Amino acid sequence: MNIINVEKEKCVGCNACVRACPVEDANIAKMDEDGTVRILIDDDKCIRCGECIRVCSHKARTFEDDLENFLEDLKRGEEIAVIAAPAIKIAFDGNWRHALQWLRNQGVKKIYDVAYGADICTWAHLRYMKAHPGAKLISQPCAAVVNYVLRHKPELLKNLSPIHSPMACLAIYMRKILGFKGKIAALSPCIAKIDEFRATKLINYNVTMEHLKKYFETCHVELPSVKIYSEFEFDDYQGLEGAIYPKPGGLMKNLLIHEPEMEIVTSEGPDKLYKNLDLYLKQKQEYLPDVFDVLSCEMGCNGGPATGVDYHCFAMSDIMHHVERYARKQRKANVTKKGVDKQFAEFDAHLKLEDFIRVYHSTNVKRVEVTERMIEDAFRLLGKHTDVEKHFDCHACGYTSCREMAAALARGINEKENCYQYMIKEIHDERQKVSEVNTEVLSMNRELLEIFGQLTNNIQLVKEQANQIWEFGQKSSDNMGIVSEHMGELNGLNKNILDSMKDINVNVKNYKKMTQDVEGIASKINLLSLNAAIEAARAGEVGRGFSVVAANIRKLSENSRVSVGSAKENDEGIQQAIEKVNVVVENFNDEISRLMEVVNSTIENVNQSSDKSNMIQESMQKVSQIADKVQEVIDKTSAILS
């Protein structure tokens with residue numbers, strides 16, 4: 001996890017962090033899936049100055065320290081000493097003693113004053129400069145400045161003071177002189193100190209004052225008010241002028257107390273300090289001051305990013321004024337009548353300068369080298385073609401110039417959408433497109449108005465025609481009902497014909513049988529007449545009369561046979577005619593049945609047509625209502641677009 005972290009959901013891409021950061025490529029702008037630009041952190045390039053946290057009004061940035069590990073180890077009974085930075089008087093204004101007493105009550109073995117380590121730091125600077133006349137030093141109590149030099153300006157290492165910071169000086173004193181073997185926790189106002197402690201391995205925990213205060217609030221630790229007496233006192237010595245180290249120019253004042261002729265220049269605050277460090281690089285050695293006393297925070301360590309307070313300069317100055325007055329009184333008491341500084345004499349007697357010398361290891365991070373061609377390509381990507389466009393320099397992207405933004409784009413640490421001018425052009429182009437679309441929409445609206453006018457008329461016509469269809473359907477349904485009744489009657493008549501034809505068929509069959517019987521009788525009569533003729537011939541003259549009778553009988557038989565033959569011919573003709581009538585009647589019956597089906601189907605269709613007509617009327621009413629709503633929307637749209 002990074003030391004400084006970003007809560008992405010809170011980041012809105014306002015670029016305040018980019019603007020405040022002394023390192024131009026420590027922040028990386030990336031666009032999310034939803035099109036929002038988020039500003040992330042490159043932990044390798046971040047110097048932990050905390051400016052981004054201070055300026056982030058959206059509370060999207062937080063920092064890590066070692067408070068949790070410290071408290072857990074303390075609960076386990078590990079031997080831990082606390083060293084408290086002088087800025088504790090600002091962070092816990094009025095009840096700082098009670099805060100330290102609470103830590104002692106939790107099991108902290110020893111609590112020391114970092115102001116005493118600051119006094120050692122002053123002594124070590126003076127002794128080093130005496131041993132190295134002509135040395136030009138940049139002070140290093142500020143861990144953010146050290147990070148900046150180690151990571152981004154290694155060419156300044158030759159000037160960076162080799163003397164450890166006040167906290168480290170105190171830790172060395174505790175180990176070398178006091179013989180402390182346990183762990184050391186620094187109660188500090190600084191986020192960047194965690195890097196110093198990890199690099200030097202002199203201090204085990206960076207416990208920030210802000211997180212300790214939040215812990216008190218979360219766990220409902222009620223510290224007594226300032227008016228209540230506290231029994232707390234630091235272990236071992238308390239610092240003198242080292243107590244004003246967290247003030248801007250604190251180291252300078254301490255050095256000038258002992259060496260009034262020393263040339264010292266101060267610089268505080270990210271707005272000017274880092275520019276001054278760049279300027280420092282450009283100066284000739286003889287023009288540089290003996291000491292360049294620098295602090296990243298404008299109000300010094302008292303305004304550190306992890307103090308947990310936001311006091312104005314007058315409030316801080318008032319508190320530190322009282323601290324300084326007390327330190328001066330203590331200093332006077334520390335100087336003998338002969339002008340001997342008893343504290344420094346003690347240091348000279350027991351401390352070794354080499355124990356307080358720090359060896360730096362550059363961690364210079366790699367940066368993408370940007371060429372002019374890459375910058376020009378970035379300008380083209382941003383849509384900046386003219387000299388004016390390339391020097392718009394609105395600072396909205398967080399950089400001081402369009403060129404820096406182009407360089408960031410070339411390095412891949414920013415997005416073109418983070419450029420105000422680019423987005424303005426995009427918006428302008430979009431507005432042009434929208435304007436063109438609006439014109440088209442207005443034209444389409446007019447066409448729609450005409451179409452809907454025609455549609456309204458057509459709907460009215462359809463409604464009228466649907467009404468007519470419904471009326472015709474009703475009439476047709478009534479007429480088809482009458483037809484259906486007549487067809488029913490015709491169907492009944494047809495059934496009667498069928499029944500009559502059945503009777504005729506039966507009678508014809510009986511007539512045919514009678515003819516056959518007559519024919520049989522004629523045959524028998526003919527046979528009888530033949531026999532009578534034979535017998536008459538035998539009888540001779542006697543049978544002549546009988547022969548006449550036999551001849552008449554034969555004639556009657558022949559007439560009967562002729563009549564029967566004619567009857568048979570007529571019977572066959574009648575039979576054929578009846579069969580034809582039967583076929584016609586059957587066909588007529590089939591046609592009547594099919595016609596009845598058609599009539600019934602037609603009646604059903606007419607009824608359905610009437611239902612559909614009603615549905616059409618209802619649908620037309622709905623369409624008419626929708627058309628009215630669309631007309632209303634078109635009118636509103638036209639009003640907005642115009």
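Helices here are DSSP runs of H or I with at least four residues, numbered from the N terminus. By that rule, Ile-424 lies in helix α18, which covers residues 420–539, in what is a predicted model.

**The chain as a whole**

The chain holds 19 helices and eleven strands, and of its 642 residues 43% are buried. Among contacts in the chain with a separation of 6 or more, 77% join residues that stand 24 or more positions apart. The exposed area of the chain comes to about 35600 Å², of which carbon and sulfur atoms supply 53%.

**Two helical residues**

The table sets out two residues, each with its helix and its relative accessible area.

| Residue | Helix | Relative accessible area |
|---|---|---|
| Gln-101 | α5 (residues 96–105) | 12% |
| Ile-424 | α18 (residues 420–539) | 38% |

Gln-101 counts as buried because its relative accessible area of 12% falls under the 20% cut-off. When residues up to four places away in sequence are left aside, Gln-101 touches Glu-231 and Phe-232.

Ile-424, with a relative accessibility of 38%, is classed as partly exposed, because that class lies between the 20% limit for buried residues and the 50% limit for exposed ones.

**A nonpolar surface patch**

Which residues accompany Ile-424 in the nonpolar surface patch? Phe-392, Tyr-420, Met-423 and Ile-427 make the patch together with Ile-424, and the patch has an area of about 430 Å². Ile-424 can belong to such a patch because its 38% relative accessibility is over the 30% that patch residues need.

Note on methods:
Residues numbered from 1 in each chain as written. Predicted model: local features only at pLDDT ≥ 70, side-chain atom pairs only at ≥ 80, totals over all residues. Heavy atoms only, no water. Helix = DSSP H or I, 4+ residues; strand = E, 2+ residues; numbered from the N terminus. Buried < 20%, exposed > 50% of the residue type's maximum accessible area, 1.4 Å probe, protein only. Contact = heavy atoms within 4.5 Å. Areas by Shrake-Rupley, 256 points an atom, 1.4 Å probe, with all protein chains shown as cover. Patch = residues over 30% accessible without salt bridge, like charges linked within 9 Å, V, L, I, M, F, W, Y side chains within 5 Å. Salt bridge = Lys/Arg side-chain N within 4 Å of Asp/Glu carboxyl O.
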